[in-house]
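Hello,

I am handing over the structure we talked about, and my notes follow below it. Please have a look at it first, and then read on at your leisure.

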Amino acid sequence: MSDFNEAMFKTKVDNIFIKIYTCIMKQDLSDVMHFIGESLEKELSNIINKFDDYNFNIYESKSCIILCEFNSC
């Protein structure tokens, strides 16, 4: 077993975050399904569905994506 490398771990987490963020922007989670479990898939799908429910234009409001979830749009 190899030693833990904090920098490599941080890089992997950053990359996964960017992939998830991009999939939310595209409203398609298929590219990250192998990274996430069923509960996170449901949570992210709910976020995407909320955008649809409120006719939220993701492409014009990219900086608001996380705030929108916490403030219920």
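**How H1 and H2 meet**

The axes of helix H1 (residues 6–26) and helix H2 cross at roughly 40° and come within 10 Å of each other. Please keep in mind that this is a predicted model. The crossing in which H1 passes H2 is right-handed.

Which residues make the contact? On the H1 side they are Ile20, Cys23 and Ile24, and on the H2 side they are Leu40, Leu44, Ile48 and Phe51. Sorted by class, this contact of H1 with H2 has seven nonpolar residues, with no polar and no charged ones.

**A closer look at H2**

H2 covers residues 38–53, which makes 16 residues. From its first C-alpha to its last, H2 reaches 22 Å, close to the 22 Å expected at 1.5 Å a residue.

Which residues of H2 are buried? They are Leu44, Ile47, Ile48 and Phe51. These four lie on the same side of H2, because they cover an arc of only 90° around the axis. Leu44, Ile48 and Phe51 are also among the residues of H2 that meet H1. On the face of H2 turned away from the buried side you will find the exposed residues Glu38, Ser39, Lys42 and Asp53.

Asn49 is in H2 as well. Is Asn49 buried, exposed or partly exposed? With a relative accessible area of 39%, Asn49 counts as partly exposed, because that value falls between the 20% limit for buried and the 50% limit for exposed.

**The loop between H1 and H2**

Gln27 sits in the loop between H1 and H2. Its phi is positive, at about 60°, although Gln27 is not a glycine. Like Asn49, which is partly exposed, Gln27 is partly exposed, and its relative accessible area is 34%.

How far apart are the C-alpha atoms of Gln27 and Asn49? They are separated by 8.9 Å, with their positions 22 residues apart along the chain.

**The chain as a whole**

Stepping back, the chain holds three helices and zero strands. Read from the N terminus, its elements run α-α-α. The chain has 73 residues, of which 21% count as buried. Among the contacts in the chain with a separation of 6 or more, 39% come from residues 24 or more positions apart.

If you would like a place to start, try the contact of H1 with H2 and its seven nonpolar residues.

Best wishes

Conventions: Residues numbered from 1 in each chain as written. Predicted model: local features only at pLDDT ≥ 70, side-chain atom pairs only at ≥ 80, totals over all residues. Heavy atoms only, no water. Helix = DSSP H or I, 4+ residues; strand = E, 2+ residues; numbered from the N terminus. Expected span 1.5 Å × (residues − 1). Buried < 20%, exposed > 50% of the residue type's maximum accessible area, 1.4 Å probe, protein only. Arc of directions from axis to C-beta. Axes fitted to C-alpha atoms, helices over the stretch in contact; angles between N-to-C directions. Left-handed = near helix turned anticlockwise from the far one by under 90°. Contact = heavy atoms within 4.5 Å. Nonpolar A, V, L, I, M, F, W, Y, C, P; charged D, E, K, R; others polar.
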